[in-house]
Amino acid sequence: MLTAFLGPEGSFTHQAAEQLVPQTSLLDPHDTLDSVLSALRGGAARYAVAAIDSAAGPIGETVAAVEEGWAQVLAEHSIEIRFDLYRRIVDEAPLIGVVGHEKALAQLAPYIDNKRLRTRAFASNTAGLAAIRTESDPGWGAVGPSGLARAYGLRVAERAIEAPAQLVTRFVLLQRRPD
């Protein structure tokens with residue numbers, strides 16, 4: 001049996017899935033939350049792990065799945081979110097912008113505003129990390145969970161950029177309700 005989650009390995013949702021998912025289930029990473037929920041709704045996955053609430057507010061798609069009644073919450077797990085800023089190894093230009101998931105960018109608004117940075121949203125923080133690796137314009141960084149520099153061929157430019165704020169995201173294990 002499969003559990004869909006917003007991947008890839010190392011993402012915040014992957015970290016939550018490791019705590020929530022039954023040991024007999026295989027983790028199935030998806031590129032978007034819509035794809036995760038579609039896999040659950042369509043029966044391709046028995047379970048799904050998704051964020052339902054963050055410091056930037058509720059996650060509309062997950063809340064809708066539960067409120068519409070086709071998905072039920074089996075368990076919850078909260079994670080204290082810490083963001084690192086990643087840059088290309090060869091990029092020493094002054095930071096002009098950051099990429100990441102729209103909720104991450106909202107949670108990091110004080111940091112972004114203070115440094116007067118431009119932003120670009122991606123379907124996930126890890127998609128932003130992959131994109132920044134091949135970014136041709138100097139001065140861009142990506143936000144994401146700690147520990148991913150080697151996996152994406154990047155360097156950590158700053159750690160815990162959300163500080164002093166304490167950010168928490170609540171994740172849920174979902175199962176499709178029987179018809």
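Visitor: Where should I start? Does Asp84 count as buried or exposed?

Guide: Asp84 is buried, at 2% relative accessibility. Buried means under 20%, so this residue qualifies. Keep in mind that the model is predicted.

Visitor: Which salt bridge does Asp84 take part in?

Guide: Start with the general idea. Side chains of opposite charge can pair when their charged atoms come close. Here the side chain of Asp84 meets that of Arg159 in a salt bridge, with 3.1 Å from N to O. Asp84 is in strand 6, while Arg159 is in the loop between strand 10 and strand 11, so the pair ties together parts 75 residues apart in sequence.

Visitor: Is Arg159 buried or exposed?

Guide: Arg159 is exposed, at 58% relative accessibility. Its partner, Asp84, is buried.

Visitor: Which residues are joined into one network by salt bridges that share partners?

Guide: Glu80, Arg82 and Glu162. Take the links in turn. Glu80 bridges to Arg82, with the closest N and O atoms 2.7 Å apart. Arg82 also bridges to Glu162, and there too the closest N and O atoms are 2.7 Å apart. That second pair links distant parts of the chain, 80 residues apart. Arg82 is in the loop between strand 5 and strand 6. Glu162 is in the loop between strand 10 (154-158) and strand 11 (167-176).

Visitor: How do I read accessibility across that network?

Guide: Go residue by residue. Glu80 has 37% relative accessibility and counts as partly exposed. Arg82 is partly exposed, also at 37%. Glu162 is buried, at 5%.

Visitor: How many salt bridges does the count come to?

Guide: The count comes to 8.

Visitor: Now rings. How many aromatic pairs does the structure hold?

Guide: It holds 1. To read such a pair, look at the distance between ring centres and the angle between ring planes. Phe12 and Phe83 are 5.4 Å apart, centre to centre, with 85° between the planes. An angle over 60 degrees counts as edge-to-face, and this pair is edge-to-face.

Visitor: Where do Phe12 and Phe83 lie?

Guide: Phe12 is in helix 1 (residues 12-20). Phe83 is in the loop between strand 5 (71-81) and strand 6 (84-88). Their pairing therefore ties together parts that are 71 residues apart in sequence. Phe12 counts as buried, at 10% relative accessibility. Phe83 is buried too, at 2%.

Visitor: Which residue has both Phe12 and Phe83 among its contacts?

Guide: Asn125. Ignore neighbours within four places in sequence, and Asn125 is in contact with Phe12, Phe83, Gly100, His101, Ala104, Val143 and Gly144. Asn125 lies in helix 6 (residues 125-133). It counts as buried, at 10% relative accessibility.

Visitor: A charge can also sit over a ring. Which ring does the charged end of Arg120 sit over?

Guide: The ring of Trp140. The charged end of Arg120 is 4.0 Å from the centre of that ring.

Visitor: Last feature: pockets. What volume does the largest pocket have?

Guide: About 510 Å³. To read a pocket, ask what lines it. Here 31 residues do. The closest to the pocket centre are Leu6, Ala51, His101, Lys103 and Ala123. His101 is also one of the contacts of Asn125.

Visitor: Which elements each supply at least two residues of that lining?

Guide: Among them are helix 1, helix 2 (33-42), helix 3 (60-67), helix 4 (102-107) and helix 6. Strand 3 (47-54) and strand 11 do as well.

How values were computed. Residues numbered from 1 in each chain as written. Predicted model: local features only at pLDDT ≥ 70, side-chain atom pairs only at ≥ 80, totals over all residues. Heavy atoms only, no water. Phe/Tyr/Trp six-rings, centres within 6.5 Å; stacked < 30°, edge-to-face > 60°. Helix = DSSP H or I, 4+ residues; strand = E, 2+ residues; numbered from the N terminus. Buried < 20%, exposed > 50% of the residue type's maximum accessible area, 1.4 Å probe, protein only. Lys NZ or Arg CZ within 6 Å of the ring centre and 35° of its normal. Contact = heavy atoms within 4.5 Å. Salt bridge = Lys/Arg side-chain N within 4 Å of Asp/Glu carboxyl O. 1 Å grid on protein atoms, 1.4 Å probe; cavity = no way out; pocket = protein on both sides within 12 Å on 5 of 7 lines; lining within 4 Å. Points joined across faces, edges and corners; volume = space filled by probe spheres on them.
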